[in-house]
Amino acid sequence: MTHRLPISSETRLACASRCVAVCSVTFAAAFVMVACGGGSSDNGSASRRDELGAKGKETALAAQGKHIFRFETFGDEAKWTDLLRMHEVISASVDPVTALSVGLKVDADALPAAVVQGIRSGRVDLHSPATTIALLKLDAVVGLKGTVETVRGVDRLTRVGITCALCHSTVDNSFAPGIGKRLDGWANRDLNVGAVIALSPALDAATKLVFNSWGPGKYDPRFNIDGVNKPVVIPPAYGLAGIHSITFTGDGEEIAYWNRYVAVTQMGGQGTFTEPRLNLSITNGTQDLVSSKLPALQAYQLSLSAPSAPPGSFDAAAAGRGKAVFETRGKCVTCHSGASFTDANLTLHPPSASMAEPESPSYAARSATKLYRTSPLRGVWQHAPYFHDGSAATLEDVGRIYNTKRSLGLSSDDISDLAQYLKSL
Ligand code: HEC
Ligand code: HEC
């Protein structure tokens, strides 16, 4: 490893007292983990590739997709650097403590032992933007891709872009809050994307106000298209194998449809997205840096299964009773059917099927289908709040809302059993 974090005597002093708050976890254990190279299994999968035949090819494609998901910007530096000048903002004022406070995550596996030790001992200054630049140089900030150039021994951030992992990955906090192993496909519900974008010096006050109104875990993927400000929760990108209806409103039949939408229209990647139903055709740049990456990117997401409920996180007896409620008196199974608990492959539903509707403006009305997809429920324990607008804080709230709006006549015991069942999926 040739990367070094800037460690000076001043920074030693600066950090000694303050970094305790951020890194108050078991550093000894984390140090062993990182020093022993508890990294990803990419190398292993590459070497087994040839022996595995067809399945091996899938694995190879997914491995390529994993790299794209984590590190590919599709040339979106044109937006985040040239237009929004986020490299200037980061260099001037985003130290690691600030970055963690807006929900950005650090990949502990990308940190060399010397850095881990430096954080442990307080020699690494978590209140210096230079440390953020060092972390970007290590590709350790989840979802941010920086180009760092060294001029006369000083590292400068010259380009920055974003990747899918920004919104659809988090970490397991095994090193410290916000620092740990990557969990790809898990929505980053701590991330305040709006507040991050609002730091751009290129935006006017009115636009900043909009971005600052979103809050953590939410993003409006249509604001820059239709000018309406009504963000949705960032959903997980796992558990989608076999579901041929993508997004809350089922706009696309496969993941690649939406991946192209986001890569071009939201991230600012170089390529084209066309959607006649929305009268939308957007081309960024003169090259297509998106299309060739979509098959691998899709293969990777389809390989991400929903995480199963942690042992002991739900009451099994109550979940058994809740299953009966789900399938009979709750009538949930009429829409949440099959292995993924959704009828998405058969039908979409009118806006009234969403317990978050009626809302003004309706999210469905802004979409290509004007309808809602029944949400798949595998792994639903993991990603509160619920419904596209996040209006149900807990799974108990979900049950209560359905009970009232659909006049199901469930008792409060039924509702808590139902919640235990949902927690087990
Ligand atoms: C700035 C945050 C952000 C970034 C970056 C982002 N997404 Fe998303 N993603 C969202 C939001 C918000 C939605 C919900 C939109 C909807 O359903 O209408 C979403 C929806 C999705 C879905 C649909 C999930 C489902 O249940 O059907 C997939 C798949 C997805 N994103 C994958 C990606 C990929 C791949 C990338 C990179 C090319 C990416 N996203 C980049 C915020 C983001
Ligand atoms: C008429 C079809 C239909 C029925 C019946 C139905 N749902 Fe849903 N469900 C949906 C739709 C559509 C959504 C997406 C709504 C949204 O995001 O605004 C959804 C969303 C959810 C979510 C949120 C998932 C997430 O990722 O945020 C949960 C949990 C849920 N339903 C549980 C239930 C339970 C429990 C019942 C029975 C009491 C039930 N549903 C009955 C169609 C239905």
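This is a short talk on the fold, the two ligand sites and a few backbone details of one chain.

Keep in mind that this is a predicted model. Let me start with the overall picture. The chain has 425 residues, and 44% of them are buried. DSSP runs give 18 helices and ten strands. Now take contacts between residues at least 6 apart in sequence. Of those, 68% join residues at least 24 apart.

On to the core. In soluble globular proteins, nonpolar side chains tend to be buried together. Here the largest nonpolar core has 79 residues. Val106, Leu135, Val141, Cys167 and Val193 have the most contacts inside that core. Another core lies apart from it, with 20 residues. Phe341, Val380, Leu395 and Ala419 are among them.

Let me stay with Leu135. What does Leu135 contact, leaving aside neighbours within four places in sequence? The answer is Pro96, Val106, Ala140 and Val141. Leu135 is also one of the buried residues of helix α9. That helix covers residues 129–137, and seven of its nine residues are buried. The buried ones are Thr131, Thr132, Ile133, Ala134, Leu135, Leu136 and Lys137. Note the lysine at the end of that list.

What do the buried residues of α9 pack against? Two helices, to begin with: α6, at 86–93, and α7, at 96–101. Then three strands: β1 at 106–107, β2 at 144–151 and β3 at 154–162. Just after α9, Asp139 takes a positive phi of about 60 degrees.

Two of those strands deserve a closer look. β2 and β3 pair in the antiparallel sense, over eight bridges. To find one bridge by eye, go to Gly146; its partner in β3 is Val160. The two strands form a hairpin with two residues between them. In that hairpin, Arg152 takes a positive phi near 45 degrees.

Now ligand 1. Its shell has 25 residues. Cys164, Cys167, Tyr219, Thr247 and Phe248 come nearest. Three elements give two or more residues each: α10 at 165–168, α14 at 255–266, and α15. The largest share, five residues, comes from α14. By class, 20 residues of this shell are nonpolar and five are polar. How many are charged? None. And remember Cys167: it is also among the residues with the most contacts in the largest core.

Helix α15 needs a word of its own. It runs over residues 294–302, and seven of its nine residues are buried, so the rest of the structure largely encloses it. The buried stretch is Ala296, Leu297, Gln298, Ala299, Tyr300, Gln301 and Leu302.

Ligand 2 is next. It also has 25 residues around it. The closest are Cys332, Cys335, Ser354, Tyr386 and His388. Elements giving two or more residues to this shell are α17, at 395–405, and α18, at 412–424. α17 gives the most, with three. What is the make-up of this shell by class? It has 15 nonpolar residues, nine polar and one charged.

Last topic: unusual backbone. Most residues other than glycine have a negative phi, and most peptide bonds are trans. So here are some exceptions to look up.

Take Thr247 first. Its phi is near 80 degrees, and it is not a glycine. Thr247 sits in the loop between β8, at 232–233, and α14. Buried or exposed? Thr247 is buried, because 21 other C-beta atoms lie within 10 Å, and the cut-off is 20 or more. We met this residue a moment ago, on the list nearest to ligand 1.

Then Asn279. It has a positive phi of about 55 degrees, and again it is not a glycine. Its place is the loop between β9, at 271–275, and β10, at 280–284. Asn279 has 7 C-beta neighbours inside 10 Å, so it counts as exposed. The cut-off there is 12 or fewer.

Two cis peptide bonds to finish. One joins Glu357 and Pro358, with omega about 0 degrees. The other runs from Ser360 to Pro361, with omega near -5 degrees. Where is Pro358? In the loop between α16, at 316–327, and α17. Pro361 is found in the loop between α16 and α17 too. And α17 is the helix that gives the most to the shell around ligand 2.

Technical notes: Residues numbered from 1 in each chain as written. Chains lettered and ligands numbered in written order. Predicted model: local features only at pLDDT ≥ 70, side-chain atom pairs only at ≥ 80, totals over all residues. Helix = DSSP H or I, 4+ residues; strand = E, 2+ residues; numbered from the N terminus. Contact = placed C-beta atoms within 7 Å. Near = placed C-beta within 6 Å. Nonpolar A, V, L, I, M, F, W, Y, C, P; charged D, E, K, R; others polar. Core = buried A, V, L, I, M, F, W, Y, C linked by C-beta atoms within 7 Å. Pairing = 2+ DSSP bridges.
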